[in-house]
Structures are given as C-alpha cells and as structure tokens.
Amino acid sequence: MLPALLPLFPLPQVVLFPQTFLPLYIFEPRYQEMTVEVLNSHHHLVIALMREAPEAGALGEKAPVFETGCLAEVVRAEPLTGGRWNLLLQGKNSVKILEEAPGKPYRQARTETVPFDASVLWPGPHRRRLMESLHAYAASEGIEVQLKELLDLPLEDIGRLNTLAMALDFEPTERQFLLESKDLLTLADRMLQLLDFAVGGRSIQGL
C-alpha cells in the first residue's frame with residue numbers, strides 16, 4: 001500500500017511510460033534526501049513533465065507540470081560519493097496529479113491512477129498501417145536496424161508501444177500526448193498521427 005503523498009520528480013524534457021525504464025542521476029541535496037526516504041520505505045515516486053523550462057537557478061522548484069504523470073518504482077539504486085545516486089526507475093502506470101502538498105524539501109503530490117483499457121481490440125489493418133508508418137519513419141531517420149531490434153523484443157502490444165514512445169525521437173509534448181491515451185487503440189492512433197506528421201514534414205522539407 002502506497003502512502004497518500006508521493007514524491008514528485010519534475011523533469012523538463014522527459015516523459016516516462018508504464019513498463020519502460022528510466023535512469024536518473026540524483027545530485028541535488030533535496031533529492032538525495034528524497035531518495036533515502038524512498039529507498040527506506042515504498043520505493044515509488046511520480047515522474048512528471050514540466051510545462052515549461054524552469055527559471056535560471058530554480059531547478060524546477062515551482063515549475064508547473066502536466067496533470068498526468070507516471071508512477072515509477074525504483075528497481076535499482078547505486079550509491080555514489082557525496083550522497084549522490086544512480087537510480088533505475090520502471091514505469092508502473094499513469095497517474096493524475098490531484099494536488100501538491102508542502103512539508104518536504106522536495107515536491108510531493110496526491111495522485112490517483114488513470115485507468116487504461118488494454119482490452120480494446122487492435123484491428124489487424126490498423127496494426128499493419130502503424131507498422132508501415134513505423135518503417136517509413138525508420139527509413140527517413142536511418143534507424144531501420146534499431147527499429148527491428150525494438151520490434152523483436154518479447155513484449156505485449158502495450159509494452160511495445162510504450163517502449164517505442166520512449167525510444168523514438170518525439171518531442172516531450174508529443175510523448176505527453178501519447179502518455180495521456182486512455183486505451184491501446186488511442187495510443188496506437190496517436191502514435192500513427194505523430195509518425196505520419198514526422199515523415200510528411202520531412203518529405204515537404206525535401207521538395
């Protein structure tokens with residue numbers, strides 16, 4: 001059972017997805033304190049994308065974040081000198097940030113799980129259309145080998161799409177758009193939109 005308040009770790013360029021992994025380097029004293037408390041208790045925190053870059057020297061203390069973030073579990077922790085840490089996080093599920101609460105040097109928030117319907121059927125023609133767009137995107141980026149390696153991973157559909165969302169060169173706000181999907185079909189549709197837009201834009205620029 002997780003506590004009502006969880007540490008909130010805002011990041012300016014990173015969106016974490018369920019079933020994917022994220023390395024974190026912890027060096028700020030307040031987040032060093034957060035890490036020790038998390039490792040001594042429930043091993044969870046919330047990763048959220050900042051809506052805008054923090055002011056110079058602010059380091060995200062007050063930067064607004066998107067309402068939807070990702071609950072993450074610390075699955076590996078490597079202590080370094082000076083209280084610093086290398087952490088490896090695994091995304092668990094999307095959460096809605098209800099409110100932030102004071103009381104700690106670091107940010108913390110009340111959250112609730114965002115339902116995701118993985119039972120929605122993904123029709124074959126739609127699946128093939130996404131694969132075609134993925135291969136067109138990979139060809140335009142010169143990453144055919146890397147895409148094949150990702151597609152060959154032994155993952156279920158949701159894990160594969162979330163891994164692609166993390167790995168492909170989407171903008172942070174585009175990744176946020178994907179994270180906020182309510183079910184598998186919506187996630188696939190949104191990824192298809194982003195891929196087609198990316199490939200179409202490159203084609204126009206090449207005219």
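**Helix packing and nonpolar cores**

In this predicted model, helix 3 and helix 4 pack with their axes 10 Å apart, at an angle of about 150°. Angles over 145 degrees count as roughly antiparallel, and helix 3 and helix 4 are therefore roughly antiparallel to each other. The crossing in which helix 3 passes helix 4 is right-handed. On the side of helix 3, the contact is made by Leu-147, Leu-150 and Leu-151, and these meet Arg-160, Thr-163, Leu-164 and Ala-167 of helix 4. Sorted by class, this contact of helix 3 with helix 4 has 5 nonpolar residues, along with 1 polar and 1 charged.

A wider view takes in the nonpolar cores. The largest of them has 29 residues, and those with the most contacts inside it are Leu-130, Leu-134, Leu-161, Leu-164, Leu-178, Met-191 and Leu-195. At least two residues of this core are supplied by each of helix 2 (124-141), helix 3 (144-151), helix 4 (157-167), helix 5 (172-179) and helix 6 (184-205). Helix 6 gives the largest share, 9 residues.

Leu-161 offers a helpful place to look around in this region. Leaving aside residues up to four places away in sequence, Leu-161 touches Trp-122, Leu-130, Leu-184, Leu-187, Ala-188 and Met-191. Elsewhere, a second core of 18 residues is separate from the largest one, and Leu-24, Tyr-31, Met-34 and Leu-89 are among its members.

Note on methods:
Residues are numbered from 1 along each chain as its sequence is written. This is a predicted model: local features need pLDDT of at least 70, side-chain atom pairs count only at pLDDT 80 or more; totals for chains, interfaces and linings use all residues. Side-chain values use heavy atoms; hydrogens and water are left out. A nonpolar core is a set of buried Ala, Val, Leu, Ile, Met, Phe, Trp, Tyr and Cys residues joined through side-chain atoms within 4.5 Å. Buried means under 20% relative accessible area, exposed over 50%, partly exposed in between (1.4 Å probe, protein chains only). Helices (H or I, at least four residues) and strands (E, at least two) are DSSP runs, numbered from the N terminus. Contact means heavy atoms within 4.5 Å. Axes are lines fitted to C-alpha atoms, for helices over the stretch in contact, and angles run from 0 to 180 degrees between N-to-C directions. Angles under 35 degrees count as roughly parallel, over 145 as roughly antiparallel, 65 to 115 as roughly perpendicular and the rest as oblique. A crossing is left-handed if the near helix is turned anticlockwise from the far one by less than a right angle, and right-handed if clockwise. Ala, Val, Leu, Ile, Met, Phe, Trp, Tyr, Cys and Pro count as nonpolar, Asp, Glu, Lys and Arg as charged, and the others, Gly among them, as polar.
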